[in-house]
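Take a look at the structure below. Keep it open as you read the short report that follows.

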Amino acid sequence: MAAAHTLKAKHRRSALRTLAFLSPWLTGFAVFFAYPMISTVYFSFMHYDGFRPPAWSGTRNWTYVFAHYPFFWPALRNTLWLVVIMVTLRVLFGLGIGLLITKIKTGTGIFRTLFYLPYLAPPVAATMAFAFLLNPGTGPVNSILERAGVPAPGWFDDPDWSKPALTLMFLWGVGDLMVVFMAALLDVPKEQYEAAELDGASAWQRFRYVTLPAISPIIMFAVVTGVIAAMQCYTQPLVAGKVASGVIQGAGTMFEPGYPEHSTLTLPQLVYNLGFQRFDYGSACVVALVLFALSMAFTALLMRRRGGLIQAGD
Amino acid sequence: MTQVLDRPAELTAPSSPAERTARRRALLEWIAVHSLGVAAALFFTLPFVFVFLTSLMSDSQALSRDLIPHTWEWGNYRKVFDTPGFLTWWRNTLLYAGLGTVLTVVSSVPVAYALAKFRFRGRSLTLMLVISMMMLPPQVVVIPMYLFWARQLDLSGTLWPLIVPLAFGDAFSIFLLRQFLMTIPDEYVDAAKVDGCGDLRTLLKVVLPMARPGIAAVALFQFFAAWNDYFGPQIYASENTDAWTLSYALESFKGAHHTDWNLTMAATVLVMAPVILVFFFAQKAFVEGVTLTGVKG
């Protein structure tokens, strides 16, 4: 009887202890996530411009965003482009640079640092740098291309070239993937390579049948996190569009997003455009929920896979 | 003929033709790999070089297609510093990044510790929610959050809406710290308990000293996240130039100086430089953090 009692008290104490340690996050979760999430769902069914009180509007915001808002489908198409082309190139390039760094035997530390540094460049600064490097008027890239007799593209000023220009910038900042792939490649047991070599496997066969299977969970991780990052891509396309179009803020919020011709629009930019430029909070919340659903779908993928991916369970 | 003894067999005395081919092949591979390495290094460094060179050009030369400055205008950097507001933006950025980082670490450590070392019901669920929050872009909840900070608390035009939430744990930091704390053997925690340490004392006296590399990585990431943040200041600080941060203010240089890329690039260098300097001083912690986000829990 007494033993059971103390056991119960002990349980209660340990539960209280856990609660105490978790309390900062529990508060944060409630105030900065649960409440605004519920609120976002609520506003998505309201007409609200921030001045007059919110009024029920049923599914009108939803039909507006999907059927009439001119930016939604271009933004989704751009996102798909980034997901398919940019993420693929970035993973391949990251793997290539990771392989290269494991093969470099002289000056490895210097090479690794030089390859990694661009990843650290603050996004706005990197975008300003590339807006300058790639500007068709005085940019060094086009100067060099023209001297070499190669037709120089318009980059951030050409709707067909703005996403390739962004991709080039994201390839430049591939340092995170390089480090992840490098660690994975060094983890592949040496004996497997030696065994394959004894069996007369060529370099390609060793890569195909030893390296690739061993690092496939990391490739999967890179792809899924890459897809999530591509869907949420905000600062770089926004700043690139603003700088290339020459429409820069003061404190002003009025600029046409997605220059040139909506080619750099992404979903998060629509939340800003609808909420803070058009003062249509309801429709902004609809886009926010689409962004939420897409992010969660891919995060679920990340958590379900076992192996190299994030494991939530024990 | 004497050879150095500890060389691998195939590199000594190239007597047989097979050994000679193998040696030549190794040399060719070395040359190929390192040429590729140099080419890649150029791709990664030339953008920095061109940006830096342009930042030193005269106004008239910045309008030309020259790659190298004729005269080295170090005064461009002075002009950037003299831009009205520039020092305020520095101070704001340091406040957001510095105070934000301290708050993040203090509030995230206990949560990460509980997730790594306590056994309780709902632990997996909590961790899943943390990971989910980590993967969510700030745009998802920005409308209600903006209305909350601007309408209810009247704090728009300041950086407080960005700093205060960091006192309630940051999902990414919690996750990263938890990954790190998982690598500390339970025996240390148990031993401290046997010695009569309470949970808080165990955390502060035993676990924290061992978790220093993890904390350093989290602090660095948070510092850079605040330094790099554009969306946050755009939402909350844009209306008040006195509350801008460097990352947000940077594009205004292009607006103020129109096509003069030299001053814009000088400002760009000044936004990049601190991050790169900090990296050089804390390289190890940083790379450790990047790999931690990828490894299994």
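This report covers the make-up of chain B, its domains and the confidence of the model.

## Overall make-up

This is a predicted model. Chain B is built with 15 helices and zero strands. It has 297 residues, and 41% of them count as buried.

Many contacts span long stretches of sequence. Take the contacts in chain B between residues at least 6 apart in sequence: 71% of these join residues at least 24 apart.

## Two domains

The domain assignment splits chain B into domain 1 (9-75) and domain 2 (84-292). Their centres, taken over C-alpha atoms, are separated by 36 Å.

The two domains of chain B touch. Eight residues of domain 1 are in contact with eight residues of domain 2. On the domain 1 side, helix H1 (17-55) and helix H2 (59-62) of chain B are the elements that each give two or more residues. H1(B) gives the most, with four residues. By class, this side of domain 1 has five nonpolar, two polar and one charged residues.

## Confidence

How confident is the predictor in chain B, by mean pLDDT? The mean is 87, and 89% of the residues reach 70 or more. The model as a whole scores ipTM 0.90 and pTM 0.89.

Confidence varies along chain B. Among its elements, helix H7 (residues 160-163) has the highest mean pLDDT, 96. Helix H15 (residues 283-292) has the lowest, 69. Over residues 1-7 of chain B, pLDDT stays under 50. For that stretch, the model has four contacts beyond four places in sequence.

Methods
Residues numbered from 1 in each chain as written. Chains lettered and ligands numbered in written order. Predicted model: local features only at pLDDT ≥ 70, side-chain atom pairs only at ≥ 80, totals over all residues. Buried ≥ 20, exposed ≤ 12 C-beta atoms within 10 Å, placed from the backbone. Contact = placed C-beta atoms within 7 Å. Domains from an automatic or database assignment. Nonpolar A, V, L, I, M, F, W, Y, C, P; charged D, E, K, R; others polar. pLDDT = per-residue confidence, 0-100.
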